[in-house]
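Me: Please pick one part of this model and take a close look at it. I would like the pairing, the burial and the contacts set out in one connected account.

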Amino acid sequence: MDTATVAHFEASRHRLASIAYRLLGSAADAEDTVQDAFLRWQAADREYVEVPEAWLTKIVTNLALDRLRSAKARHERAVGTWMPEPLLDGDAMLGPADTVEQRESVTLAVLTLMERLSPTERAVYVLHEAFAYRHAEIAEILDITVSASQQHLHRARGRITVARNATRLDRAAARHIVEAFVDAATSGRTDRLIALLTDDATGISDGFGGLAVKLIRYATPQRLASVVRAGFTPTQAKRRLAGGSPSIHAVVVNGCPAVLVTLDDRVLGVAILELRDDKIASLRSIAAPHRLGRLTDEWRRREHDAPLVESW
């Protein structure tokens, strides 16, 4: 393959990866999908490819849908252990973030809600809401009619209802929110944590070290606050399991403020705080190494703000 052909693909790589990530909720699967698309691009008779960008979008979208429809994926997502893979703010795979819809479509809340959609509904929602494709273009990509595309979008919007946040969260704002949360969590007082939560706040976790067999869910603010308070209480046993005394940082993950726990250059876990009306409506705690691979790589490549807690 000549240099120009490779360069053409590479110019689209980030956009293609962003589409695949939104469809699959997994950075690792998105990378594999884009690599499969590159092999298709390499083997294609490009003389008959009139619009390379459209051709590549169609290939990546349909490869991602094939993954979603596979028996393995259906089983993994049905057994109660699947969770979207978090990405650090600034990761190119997050893609465009200029509009409310674009920012919303990459939050873990929406990536989770998209599990309610059929693969085709998911593709229509992502292409239209996050990448501004017209229904005629989506119909061509998915081999459906324009009216079918419109119907799929209508159903998808009905199943994905979240509190919209019109502002882009910067690092300073995230640090302020996370600092208040960590202060309350380490105070030993459950009431301080409950004051930061909405009346219907919930939580979900894959357990300490990501070792839970199934995801653990906390259905009330009181239960969530109690678990967070206990989790932030340092003990020698926890430090032994962690391999030392971790640091606690404030970051932005998938557009939300997040608590990042690190030891040296390793990310041990992340807790994403999803906001509504300036309070925490949901907390997602992720510690399984296989869910933190790309986030850890991004963390290691960057300079960091001073930790909120130097040695926990």
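Reply: What follows starts from a hairpin and works outward through its contacts.

The model is predicted, so local features need pLDDT of at least 70 and side-chain atom pairs count only at pLDDT 80 or more, while totals for chains, interfaces and linings use all residues. Residues are numbered from 1 along each chain as its sequence is written, and side-chain values use heavy atoms, with hydrogens and water left out.

The part chosen is strand 3 (residues 247-253) with its partner, strand 4. Helices (H or I, at least four residues) and strands (E, at least two) are DSSP runs, numbered from the N terminus. Strand 3 and strand 4 are antiparallel and pair over seven bridges; two strands count as paired if DSSP finds at least two bridges between them. Within this pairing, Ser247 is opposite Thr262, and Ala250 is opposite Val259. The two strands make a hairpin with two residues between them, and Asn254 in the turn has a positive phi of about 50 degrees.

How many residues of strand 3 are buried? Seven of its seven residues are, so the strand is mostly covered; buried means under 20% relative accessible area, exposed over 50% and partly exposed in between (1.4 Å probe, protein chains only). Ser247, His249, Val251 and Val253 point to one side of strand 3, with Ile248, Ala250 and Val252 pointing to the other, and all are buried. Strand 4 (residues 256-263) is largely enclosed by the rest of the structure, because seven of its eight residues are buried.

Strand 4 also pairs with strand 5 (residues 266-276), antiparallel, through six bridges. Ala258 has Ile272 in strand 5 as its bridge partner. Strand 4 and strand 5 form a hairpin too, with two residues between the strands, and there Asp264 takes a positive phi near 60 degrees.

These strands also supply residues to the nonpolar cores. A nonpolar core is a set of buried Ala, Val, Leu, Ile, Met, Phe, Trp, Tyr and Cys residues joined through side-chain atoms within 4.5 Å. The largest has 62 residues, of which Phe9, Tyr21, Met114, Tyr125, Val253, Val270 and Ile272 touch the most other members. Helix 1 gives the most to this core, eight residues. A second, separate core of 21 residues includes Ala250, along with Phe181, Ala185 and Leu224.

The turn residue Asn254 leads to Tyr21. Contact means heavy atoms within 4.5 Å; leaving aside neighbours within four places in sequence, the contacts of Tyr21 include Asn254, Leu108, Ala27 and Ala30.

Ala27 and Ala30 in turn are among the buried residues of helix 2, which are Ala27, Ala30, Thr33, Val34, Ala37, Phe38 and Trp41. These residues lie on the same side of helix 2, because they cover an arc of only 150 degrees around the axis, the arc being that of the directions from the helix axis to the C-beta atoms. Helix 1 (3-24), helix 3 (52-69) and helix 14 (293-301) are included in what covers them. The 17 residues of helix 2 (residues 27-43) should span 24 Å at 1.5 Å a residue, and the end C-alpha atoms are 25 Å apart, which agrees; the expected span is 1.5 Å times one less than the number of residues. At the start of helix 2, a side-chain oxygen of Ser26 comes to within 3.4 Å of the backbone nitrogen of Ala28.

Val252 leads elsewhere, to Arg171. Which residues does Arg171 contact, leaving aside its neighbours within four places in sequence? They are Val252 and Asp305. Arg171 belongs to helix 10 (residues 171-185) and counts as exposed, at 53% relative accessibility. Its side chain is joined to that of Asp305 by a polar contact of 3.0 Å. A polar contact is a pair of N or O atoms within 3.5 Å; within protein, one must be able to donate a hydrogen and the other to accept it, and residues adjacent in sequence count only if both atoms are side-chain atoms.

For the other pairings, strand 1 (residues 197-205) runs parallel to strand 6 (residues 279-286) over five bridges, with Ile204 opposite Arg284. Strand 1 also pairs with strand 2 (residues 216-218), antiparallel, over three bridges, and Ser205 has Ile216 as its bridge partner there.
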